[in-house]
Amino acid sequence: MKTTVRALQTLRLFTENWKIILLSAFVAFATLNAAATESAADSLRGKDGGTFDEFVVTGVRDETALRHLPMTVSVVSRQTLEESGEVSVLPVLNAQVPGFFSASRGVMGYGVSSGAAGQMSIRGIGGPAQAGLPTTGVLVLIDGNPQYMGLMGHPIADAYSTMTTEKVEVLRTPASVLYGSNAMGGVVNIITRQSKEDGVRTRLKAGGGSYGTVET
């Protein structure tokens, strides 16, 4: 009987010790995890307090430094869009992105029907919509969401305004592994502007030129 009681006391002591060990391990893990999170947050800044190079998401579907991407990506910044003086994004891409080409704007805009202006190609892949195919081979994303080339197999280029665009990431290489067959020529990711302050902000833009040309 004494042996049984002694065994039970030993078992109870052993169990209590294990509870203390597990509790200590849990506290240590939580502390290390918090320290790692804080370190990761601090790692977003350089040693001199400055930030790292610009990050893009189009190349690998995850935020990655531009210089670490295995693909060729061109980034058109907000400043470049403003300095261009263009209303539409596509003419800016024509001027700033090597290998990118889009058909010129028509009298009534780009349009959405087959054969209309605004057809895009990258490094010669893309161009007019082909019969039986849903896209021209260049995928357009709005904030990472695919447009599937708009209506009638044609991108809705009239909706791509420089005023509402923060920056544009253009992946100038086939990306079907990441984005499907629509991205045989490449990907154009248009990132829209986000309000940084509460309230309503209004901005007007007007311009004039020769022969009575007016742009508002």
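Here are four short exercises on this predicted model, each with a worked solution.

Before you start: residues are numbered from 1 along each chain as its sequence is written, and side-chain values use heavy atoms, leaving out hydrogens and water. Since the model is predicted, local features need pLDDT of at least 70 and side-chain atom pairs count only at pLDDT 80 or more, while totals for chains, interfaces and linings use all residues.

**Exercise 1.** Work out how many helices and strands the protein chain has, and what percentage of its residues count as buried.

Step 1: take helices (H or I, at least four residues) and strands (E, at least two) as DSSP runs, numbered from the N terminus. That gives 4 helices and 12 strands.

Step 2: call a residue buried under 20% relative accessible area, exposed over 50%, and partly exposed in between (1.4 Å probe, protein chains only). On that basis 29% of the 216 residues are buried.

**Exercise 2.** Place arginine 78: is it buried or exposed, and what does it touch?

Step 1: find its element, which is helix α2, residues 78–84.

Step 2: check the relative accessible area; at 12%, arginine 78 is buried.

Step 3: list contacts (heavy atoms within 4.5 Å). Skipping residues up to four places away in sequence, arginine 78 touches Thr162, Met163, Thr165, Glu166, Arg193 and Arg203.

**Exercise 3.** Find the largest nonpolar core and say which element gives the most to it.

Step 1: join buried Ala, Val, Leu, Ile, Met, Phe, Trp, Tyr and Cys residues through side-chain atoms within 4.5 Å. The largest set has 20 residues, and Leu90, Leu93, Phe100, Val168 and Val188 have the most contacts inside it.

Step 2: sort by element. Two or more residues come from each of α3 (89–96), β5 (120–122), β7 (138–142), β9 (165–171) and β10 (186–192). The top giver is α3, with 4 residues.

Step 3: zoom in on leucine 93, whose contacts beyond four places in sequence are Val76, Phe100, Val168, Val170 and Val188.

Step 4: don't miss the second, separate core of 10 residues, which includes Val73, Leu139, Ala175 and Ala183.

**Exercise 4.** Lay out the open sheet of 3 strands and say which strands stand at the edges.

Step 1: pair strands if DSSP finds at least two bridges between them. The order comes out as β4-β5-β6, with antiparallel pairing.

Step 2: look for single partners. Both β4 (100–102) and β6 (125–126) have just one partner strand, so each has a side without a neighbour in the sheet.

Step 3: follow the β4 to β5 pairing, made by 3 bridges. Here serine 102 has methionine 120 of β5 as its bridge partner.
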